[in-house]
Amino acid sequence: MTKNNHEVIFAIVNAGYAEDAMHVAREHGARGGTIINGRGVANEKEAAFFGITIHAEKEILMLVVEKEIRDDILHALYKQMGMQQKAQGIVFSLPVSEAAGMAKAVEE
């Protein structure tokens, strides 16, 4: 395990927009990411439509990036993929205190 200077960014977007989010992140220095399929859950009263509960399909883009470029990526993702856009994205980051399997990326 290596101590590092990285953060993980999560971009939760409507299904079909994670690749677009990855493109935005690459433009701001990200090298790659992982896309996970998900399903949104909401208050049943708010999500019901004609008596049918709707669960929106989501994609979660996870990116491990250097702290120095985190803010640029976060702001770009929210600007282009945020709640006011079709992607209706939520973007946030968390610190990475240790990581395994990233030695090559950390050394570069």
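I35 touches A18, E19, E59, I60 and L61, leaving aside residues up to four places away in sequence; contact here means heavy atoms within 4.5 Å. This residue lies in strand β2, residues 34-39. Helices (H or I, at least four residues) and strands (E, at least two) are DSSP runs, numbered from the N terminus. The C-alpha atoms of I35 and M62 are 6.4 Å apart in space, with their positions 27 residues apart in sequence.

A word on the source: this is a predicted model, in which local features need pLDDT of at least 70 and side-chain atom pairs count only at pLDDT 80 or more, while totals for chains, interfaces and linings use all residues. Residues are numbered from 1 along each chain as its sequence is written, and side-chain values use heavy atoms, with hydrogens and water left out.

Let's put I35 beside a residue of strand β1, E7. Buried means under 20% relative accessible area, exposed over 50%, and partly exposed in between (1.4 Å probe, protein chains only).

| Residue | Strand | Relative accessible area | Class |
|---|---|---|---|
| I35 | β2 (residues 34-39) | 35% | partly exposed |
| E7 | β1 (residues 2-14) | 7% | buried |

What does the side chain of E7 make a polar contact with? Its partner is the side chain of R70, at 3.0 Å. A polar contact is a pair of N or O atoms within 3.5 Å; within protein, one must be able to donate a hydrogen and the other to accept it, and residues adjacent in sequence count only if both atoms are side-chain atoms. Not counting residues up to four places away in sequence, E7 touches L63, V64, V65, K67, R70, S93, L94, P95 and V96.

Now to the helices. Helix α1 (residues 18-27) packs with helix α3 (residues 67-81) at an angle of about 140°, and their axes are 9 Å apart. Axes are lines fitted to C-alpha atoms, for helices over the stretch in contact, and angles run from 0 to 180 degrees between N-to-C directions. The contact is made by D20, A21, V24 and A25 of α1 together with I73, A76, L77, Q80 and M81 of α3.

Zooming out, the chain has 4 helices and 6 strands, running β-α-β-α-β-β-β-α-β-α from the N terminus on. Of its 108 residues, 32% count as buried. Among contacts in the chain with a separation of 6 or more, 75% come from residues 24 or more positions apart.
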